[in-house]
Amino acid sequence: MLTQILINGILKGGLYALMAMGMSLIWGVMNIINIAHGSFIMLGAYTTYWFFTLYGIDPFVSILLSMVLIFFLGFFIQKFIINFVIGASLFITLLLAFGIEILINNLALLFWTADVKSVQVSYGGANIEILGAVIPTVRLFAFLLAIAVSIILFIIMNKTWLGRAIRSTAQDLDAARLNGVNVGKIYSITFGIGTAVAAAAGTLWAVIFPISPTMGGHLTLKSFVVTIIGGLGTMMGPLVGGLSLGIVESLGTNWFGSTFENLISFTILVLVLIFKPNGILGKKE
Amino acid sequence: MKGTLIGFALIIIIGVFVPFTAGNFTIRLATDIVIFAILASSWNIIGGYTGYASFGNIVFFGVGAYATAVLMSKAGLGFYPALILSGLIAGLYGFAIGFPILRLKGHYFAIATLGLAEATKALVQNLGLTEGNSGMYLPMPEMGIDASYMFFYFNALGILLLLLVIMYFILNTKLGYGFVAIREDEDAADSIGINTTIFKSISFGLSGLFTGMAGSVYAYQQGFIKPEPVFIVTKTVKMIVMAVFGGVGSLFGPVIGAVSIELIANYLSEHFLVIHTIFFGTIVILAVIFAPKGIMDIITARKKLGLSYFLENIRKNRV
């Protein structure tokens with residue numbers, strides 16, 4: 001029983017980690033809290049739904065297509081909208097992100113209506129057993145893919161020229177510019193990567209849970225919580241935060257019932273903020 | 001000084017004039033606008049003057065609404081005692097909670113307040129006293145329909161005026177200067193002997209007090225409240241949009257913002273029912289990009305007005 005609960009928590013935590021990774025990247029590099037993050041997750045879920053119902057493409061294949069599409073959407077949203085307020089104060093950028101969220105969500109409502117949809121893959125009912133715990137295969141696939149995406153992101157950030165450019169932009173805008181980095185372009189690429197990762201999380205979410213145009217708000221909040229718990233500015237932060245939140249939620253809902261899920265996660269959030277404002281992995285400033 | 005007097009005179013004249021010229025539908029709309037003006041102006045105390053962007057101010061609205069529901073339906077209090085107590089409860093909640101979370105800065109504070117609002121909502125959803133997700137009924141006002149429209153409108157207007165008058169006086173005291181000093185440079189404020197912890201908590205408490213009173217009027221007007229709508233996050237964002245749209249850190253900016261945003265939203269929903277929310281999102285984006293300092297700045301900076309004013313805003317914040 002306990003193994004089952006822990007494994008459920010870890011599987012969900014992997015998805016949380018992936019969701020938070022995009023938000024954490026954008027936040028860390030551009031100092032913007034992307035309130036519209038959940039909307040990009042939602043868009044990833046719906047592109048997957050479209051590829052599946054219109055063309056019969058398996059979600060675990062179409063995840064790449066969704067990521068590419070949403071990368072370019074994010075790239076252009078940064079280039080033509082967010083870039084104009086990037087130097088402004090905190091709530092200006094937050095408000096802009098909020099405006100983008102309203103726009104995307106309501107366009108989605110117009111296109112896809114408010115009905116709840118789901119992606120039913122043929123192998124959706126299959127299970128495997130590990131240590132006496134029953135695990136749905138799709139959840140395991142989704143978890144492994146989430147890990148794979150985060151490893152790729154890790155490699156990009158640490159081993160490539162692009163990653164170095166992004167990191168140096170995050171550290172010191174002027175120094176990066178002096179060394180020949182096109183800062184504007186790096187911002188657009190970073191935002192694109194962040195939304196592409198969100199889209200990947202959306203795809204995996206769509207395989208497991210029902211989707212609707214308004215699903216994003218809740219997931220934005222979850223991504224926030226994970227980012228904060230893990231600590232900003234480290235690549236491992238979202239992973240640690242996601243897995244902790246997944247496990248604690250799984251244990252908590254088992255003990256107190258599912259109506260307490262939000263109370264548990266937000267109480268943890270406030271406590272972490274008060275006692276360890278830089279997150280579990282965060283260093284003291 | 002002269003501008004402030006004109007501002008107060010305009011609010012009183014227009015505010016009193018409206019209900020005697022219009023039907024109940026308009027009075028109801030005006031009540032909503034005034035309630036939003038209270039919310040935006042209350043947010044302005046902590047966000048605009050003190051410089052701490054609270055993204056969880058809706059928590060005070062919800063606490064005020066639920067306090068009124070509990071006090072009136074379970075303790076049998078009348079509306080006015082319940083209104084005052086609810087305001088005090090929400091204010092104390094803000095004051096007390098301010099001590100731990102106002103140590104956080106910038107984004108972290110914004111998110112802590114958001115988390116606080118969500119946690120409080122989840123608590124209300126699970127408490128026996130607040131009857132969980134099934135919601136609470138309040139006693140009906142003992143008056144005719146027409147009279148009740150007037151009643152709620154004038155109560156809301158009274159709270160708005162009280163808030164503005166109190167803030168006007170506070171701004172010219174050590175307390176008000178302290179708020180602004182903290183916004184401009186908290187370390188410097190601390191070094192000249194301002195007890196920043198207490199000042200920030202008072203600011204958050206004041207913000208909570210008036211937001212809670214607005215929640216109280218709202219609850220009595222609705223007659224029935226549930227956790228989800230009274231603690232809704234988008235309402236927090238809406239009050240910030242209004243404050244920013246009108247002009248952060250000015251006395252009348254948030255009022256102007258609330259009136260114009262609500263009128264625009266209402267116009268759009270009447271004429272373009274299906275796509276009005278898309279328009280609304282677009283307006284928020286355009287306003288933030290072209291006039292990040294709000295309408296008040298456009299009014300007071302008349303000289304520079306013209307295309308160049310908006311272009312300058314764009315150039316300034318770009319990378």
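**Close-up 1. Charge pairing and polar contacts between chain A and chain B.** Between chain A and chain B there are 0 salt bridges, a salt bridge being a side-chain nitrogen of Lys or Arg within 4 Å of a carboxyl oxygen of Asp or Glu. The model is predicted, so that local features need pLDDT of at least 70 and side-chain atom pairs count only at pLDDT 80 or more, whereas totals for chains, interfaces and linings use all residues. Residues are numbered from 1 along each chain as its sequence is written, chains are lettered from A in the order in which they are written, and side-chain values use heavy atoms, with hydrogens and water left out.

**Close-up 2. The area buried between chain A and chain B.** About 4000 Å² is buried between the two chains, with carbon and sulfur atoms giving 81% of this area; buried area is the accessible area (1.4 Å probe) that two parts lose on being put together, summed over both. Phe84(A), Phe91(A) and Leu95(A) supply 17% of what chain A buries against chain B, more than any other three residues.

**Close-up 3. Residues of chain A and chain B in contact.** Contact, meaning heavy atoms within 4.5 Å, joins 44 residues of chain A with 42 residues of chain B.
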